Amino acid sequence: MKLENTKAQMRKGVLEYCILLILSKRPSYASDIIEEMKSARMIVVEGTLYPLLTRLKNAGLLGYRWEESSQGPPRKYYELTENGSQFLSELEGSWQELVGAVAEIKNS
């Protein structure tokens, strides 16, 4: 079994959570989300990000607005909806439970 495959699967499992966390801080352009993910060593590419953003938007967790840009065409800025904020709160609880369970297993 290859370590890289397992690491990729672990990242995929938390990708939506990380996107919601980023957008909970401020509305963001897709490139800004990618940059923040890269700086946290959560590598993500546009081909992965855009389908996730669309799925989250279609689920009612994200909205977006167009903003004019001085560097080209208007940009689409994503932001959490009220449902998205509630969903994120529930995810945070689930994340804490998961982290606690893994820590318990590791330390037993």
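**Notebook: surface patch, helix H2, core**

I looked first at the surface, where Trp-95, Leu-98, Val-99 and Val-102 form a nonpolar patch with about 340 Å² of accessible area together. Patch members have over 30% relative accessible area and no salt bridge, with nonpolar side chains (Val, Leu, Ile, Met, Phe, Trp, Tyr) joined within 5 Å and like charges within 9 Å. A salt bridge is a Lys or Arg side-chain nitrogen within 4 Å of an Asp or Glu carboxyl oxygen. Areas are Shrake-Rupley values with a 1.4 Å probe, and only the protein chains shown count as cover for residues. I placed Val-102 in helix H4 (residues 82–107); helices are DSSP runs of H or I, at least four residues, and strands are runs of E, at least two, numbered from the N terminus.

The model is predicted: local features need pLDDT of at least 70 and side-chain atom pairs pLDDT 80 or more, while totals for chains, interfaces and linings use all residues. Residues are numbered from 1 along each chain, and side-chain values use heavy atoms, without hydrogens or water.

Next I listed the buried residues (under 20% relative accessible area) of H2 (residues 30–39): Ala-30, Ile-33, Ile-34 and Met-37. They lie on the same side of H2 because their arc around the axis is only 100°, taken from the directions from the helix axis to the C-beta atoms.

I then checked the largest nonpolar core, which has 23 residues; a core joins buried Ala, Val, Leu, Ile, Met, Phe, Trp, Tyr and Cys through side-chain atoms within 4.5 Å. H1 gives the most to this core, eight residues.

Note on methods: Buried < 20%, exposed > 50% of the residue type's maximum accessible area, 1.4 Å probe, protein only.
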